[in-house]
Amino acid sequence: MGGDREGLGREHRLKPMQSRTEFMVDGDVRIEVRIDGRGPALVLLPSSQRDSLDLDEFAVDLAARGFRVLRPQPRGMAGSTGPLEGLTLHHLARDVAGVIAQFGGGRAIVAGHAFGHFIARVTALDHSQHVCGVVAMGAAARTFPPGLSAQLDIAADPAQPQELRLAALRQAFFASGSDPPPWLEGWHPELRTAYRRAALTPPKDTWWPTSAVPVLEIQGTEDPWRPPATRLELKQALGELVTVRLIPYASHALLPEQPAAVADAIADWAITLPR
């Protein structure tokens, strides 16, 4: 991707885009894919224990900027099925690569939110022929502050009192002035164990400090998972491959807080990628 591509600019007005749903089948894996817009392919991967329906508004923003937005539902969510026992990041990366091969013209930007960026990074390493760039949105620090995983577990647990869950969302996910109640819904806590185990293989130290493609890292300035002292750690590891963009008035949730600003950052960066 690169050059003066029409349609990837913030001057284009947002308008409703009609989504369609397709399925990618690979052996015993069946992945539901929501597709919005036309143009260069961009895959969106949701955060831990959440599905891609979180990304409706964000997908519309990106489609209006000229992307074909592909949103695969994670295994076990919506219409996506596949083995969960022994699941690894390699398996999830293969799912993404299959979606790109079938619906993305064979090559795409892969953008992952929080845990989704684990899958995006491993996809770029395992299936480099299908990935021209990675966007890490709301990625936690390589070693993030203690206590935040516990807040995630509280927020994701519908059995917990609502006020306790809202407090956890405000502490770990949403900036002051943002609106956390919509995130009381949309969690899949029954999949927590499978996906946390998947995150351990391959070990983070094998994929975090390496990349064969450009990386755009988008961070909310109020994200407790990414203290200010850690904001440049990936750029320091990977050098010129990494571009860092800070989004004000956003925390770890990021996308429901500032979808247009994040879409602008991606569109601006995408036109710099080599064809």
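Of the 275 residues of the chain, 55% count as buried, where buried means under 20% relative accessible area, exposed over 50%, and partly exposed in between (1.4 Å probe, protein chains only). The structure is a predicted model, in which local features need pLDDT of at least 70 and side-chain atom pairs count only at pLDDT 80 or more, while totals for chains, interfaces and linings use all residues. Residues are numbered from 1 along each chain as its sequence is written, and side-chain values use heavy atoms, with hydrogens and water left out.

The accessible surface of the chain, from the Shrake-Rupley method with a 1.4 Å probe, comes to about 11700 Å², and 52% of this belongs to carbon and sulfur atoms.

As to overall form, the C-alpha trace spans about 50 × 40 × 40 Å along its principal axes. The radius of gyration is 17 Å, which agrees with the value near 19 Å for a compact globule of 275 residues; it is taken over C-alpha atoms, and the globule rule is 2.2 Å times the number of residues to the power 0.38.

The chain contains nine helices and eight strands, these being DSSP runs (helices H or I, at least four residues; strands E, at least two) numbered from the N terminus. With contact defined as heavy atoms within 4.5 Å, 75% of the contacts between residues at least 6 apart in sequence join residues at least 24 apart.

Ala198 offers a local example. This residue is found in helix α6, residues 192-198, and counts as buried because its relative accessibility is 0%. Beyond its neighbours within four places in sequence, Ala198 is in contact with Leu87, Thr88, Leu89 and Leu92.
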